[in-house]
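Trainee: Before we start, I would like to go through the features one at a time. Could you give me the general idea for each, and then the case at hand?

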Amino acid sequence: ELLENIHKEEFLIKPTEDILKTVNYSHGHVCRQFKKYLKMPLKTYILKVKLAYSCNILTSTNKTLEEITEKLNFSTVSNYILLF
């Protein structure tokens, strides 16, 4: 359920803590299980999904980097560019 939610736009625009509220497990438990089965930290996975989603936005809309940064909860445009 969590993996499905992470890929939905309405969840991608939320902070990680809000995404985790959709499951009935503690943050620590979810992070441990995620790393155990997917071999990467939850935050890394969410970042990869957000960056892939931002590529779609960049190629299919006229949104600016500022708009994308704000929509996907990156701290600053320069931070977004660095992560990209």
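**Reading the features**

Mentor: Start with Lys21, which is exposed, at 65% relative accessibility. Keep in mind that this is a predicted model.

Trainee: Which residue forms a salt bridge with Lys21?

Mentor: Asp18 does, and the closest N and O atoms of the pair are 3.6 Å apart. Asp18 counts as partly exposed because its relative accessibility is 30%, and that class lies between the 20% and 50% cut-offs.

Trainee: How many salt bridges does a search of the whole structure find?

Mentor: The search finds two. Besides the pair just named, Lys71 bridges to Glu9, with 2.6 Å between the closest N and O atoms. Lys71 belongs to helix 6 (residues 65–71) and Glu9 to helix 2 (residues 9–12), so this bridge ties together parts that are 62 residues apart in sequence. Lys71 is partly exposed at 26%, and Glu9 is partly exposed at 36%.

Trainee: How should I read a helix?

Mentor: The general idea is that an α-helix has 3.6 residues a turn, so residues three or four places apart point the same way. For a case, take helix 4, residues 27–38: its twelve residues reach 16 Å from the first C-alpha to the last, close to the 16 Å expected at 1.5 Å a residue. After helix 4 comes Lys39, which has a positive phi near 60°.

Trainee: Is Ser54 buried or exposed?

Mentor: Ser54 is buried, since its relative accessibility is 0% and the class covers values under 20%. Ser54 sits in helix 5 (residues 42–60). Setting aside residues up to four places away in sequence, Ser54 touches Ile68, Leu72, Tyr80 and Phe84.

Trainee: Where does Phe84 lie?

Mentor: Phe84 is in the segment after helix 7 (77–83). Together with Leu58, Leu65 and Ile81, Phe84 also makes a nonpolar surface patch of about 340 Å².

Trainee: What does Asn5 contact, beyond its neighbours within four places in sequence?

Mentor: Asn5 is in contact with Phe11 and Thr22. Asn5 is part of helix 1 (residues 2–6) and counts as buried, at 6% relative accessibility.

Trainee: How many disulfides does the structure hold?

Mentor: Zero. Two cysteines can still be read for accessibility: Cys31 is partly exposed at 26%, and Cys55 is partly exposed at 32%.

Note on methods:
Residues are numbered from 1 along each chain as its sequence is written. This is a predicted model: local features need pLDDT of at least 70, side-chain atom pairs count only at pLDDT 80 or more; totals for chains, interfaces and linings use all residues. Side-chain values use heavy atoms; hydrogens and water are left out. Patches are made of residues with over 30% relative accessible area and no salt bridge: like charges are joined within 9 Å, nonpolar side chains (Val, Leu, Ile, Met, Phe, Trp, Tyr) within 5 Å. Accessible areas come from the Shrake-Rupley method with a 1.4 Å probe; for residues, only the protein chains shown count as cover. A salt bridge is a side-chain nitrogen of Lys or Arg within 4 Å of a carboxyl oxygen of Asp or Glu. Helices (H or I, at least four residues) and strands (E, at least two) are DSSP runs, numbered from the N terminus. Buried means under 20% relative accessible area, exposed over 50%, partly exposed in between (1.4 Å probe, protein chains only). Contact means heavy atoms within 4.5 Å. The expected span of a helix is 1.5 Å times one less than its number of residues. A disulfide is a pair of cysteine sulfur atoms within 2.5 Å.
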